[in-house]
Amino acid sequence: MDFDELNKIMAKTTKIKMEIDKFAIAIFSFLKNYHKLENVKMEFNDNLFSIGSYDIISKTVELNLSCIQKSAENEFKNENENKDLMLKLLIISTLAHEMCHARQYSLVSSSKKSFEAELIKLLSKEDVILCNSYLRYYLQDIGVYNDIMQKRRYYYYNSYDINPLERMVNQTASDVCLGIVDKLQNKEIYDNFSKKERLLRLKGYIKFNEVISPVYSYAHVLGIEKELKDFCDANDILQKPLNFRMGYGLPITVEEYEEQKRLLK
């Protein structure tokens, strides 16, 4: 996904002195327009257990600004000269993450065919149900909805680190922040974010005689490895660019894995 123009706008906004809540509203508006998510709204919620969340049914992004500020203070306590910037980058990262979830679910519920939408539908069939009000009401009516949602919660959160949906949005949020820091021409912070981005790309890949990809590990948990293999073969996955594949946690070769490990040194 090309974030170049969006990063230019957000880099300019990041330089402007403004209250944190107003900054969050501005970034949300940029992302909402960029992703064409007209029905998505944002609310501040200091009772949220995390820094941010996205509710599929109400189409609401929630931010806990108090929690974000505390997280920024803990994570960037040595960044005395860049505290305001680092706080804003954490807000951007959180919003980019949650808005990408909103985009994922808009793809799933639309009639448009895309690689990303089909992959999500394959790996997260319960989310397809959540996105469709008619399916929700029907499954509630026949008394199986709660069991399906319990299954979703179990697989989603017990395999969070290899969950492709989370991997996609984490990678996107990282790319956005890296692009903004690049526009701001802050080499020290750019190098820091660049290293984190490279680590994130390799997260979940396991090398034995071959490289096991995160998306296959997740498919194994779900018991749909054959379905995933058929999907990857139909899309000629190994012919896709490396950045594309690693963004989704898709298969890479041993040689590609070794090269990525070398870049971390």
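This section describes a long helix, a pocket, one buried residue and a pair of helices in a predicted model.

Helix 4 comprises 27 residues, from 83 to 109. The distance from its first C-alpha to its last is 39 Å, close to the 39 Å expected at 1.5 Å a residue. Of these 27 residues, 22 are buried, so helix 4 is largely enclosed by the rest of the structure.

Helix 4 also contributes to the largest pocket, as do helix 9 (164-184) and helix 10 (187-202); these are the elements that give two or more residues to its lining. The space in this pocket amounts to about 720 Å³. Its lining consists of 25 residues, of which Ser-93, His-97, Asn-170, Ala-173 and Leu-200 are the closest to the centre. By class, the lining contains 9 nonpolar, 8 polar and 8 charged residues.

Thr-172 belongs to helix 9. Its relative accessibility is 14%, and Thr-172 is therefore counted as buried, the cut-off being under 20%. When neighbours within four places in sequence are left aside, Thr-172 is in contact with Phe-3 and Cys-100.

Two packed helices are described by the angle between their axes and the distance between the axes. For helix 11 (residues 214-222) and helix 12 (residues 225-234), the axes come within 8 Å and cross at roughly 145°. Helix 11 takes part in this contact through Val-215, Tyr-216, Ala-219 and His-220, and helix 12 through Glu-225, Leu-228, Lys-229 and Cys-232. The residues of the contact comprise 5 nonpolar, 1 polar and 2 charged.

Key
Residues are numbered from 1 along each chain as its sequence is written. This is a predicted model: local features need pLDDT of at least 70, side-chain atom pairs count only at pLDDT 80 or more; totals for chains, interfaces and linings use all residues. Side-chain values use heavy atoms; hydrogens and water are left out. Helices (H or I, at least four residues) and strands (E, at least two) are DSSP runs, numbered from the N terminus. The expected span of a helix is 1.5 Å times one less than its number of residues. Buried means under 20% relative accessible area, exposed over 50%, partly exposed in between (1.4 Å probe, protein chains only). On a 1 Å grid over the protein atoms alone, a cavity is a set of points where a 1.4 Å probe fits but cannot get out, and a pocket is an open set with protein on both sides within 12 Å along at least five of seven lines; lining residues have an atom within 4 Å of a point. Grid points are joined across faces, edges and corners, and a volume is the space filled by probe spheres set on the points. Ala, Val, Leu, Ile, Met, Phe, Trp, Tyr, Cys and Pro count as nonpolar, Asp, Glu, Lys and Arg as charged, and the others, Gly among them, as polar. Contact means heavy atoms within 4.5 Å. Axes are lines fitted to C-alpha atoms, for helices over the stretch in contact, and angles run from 0 to 180 degrees between N-to-C directions.
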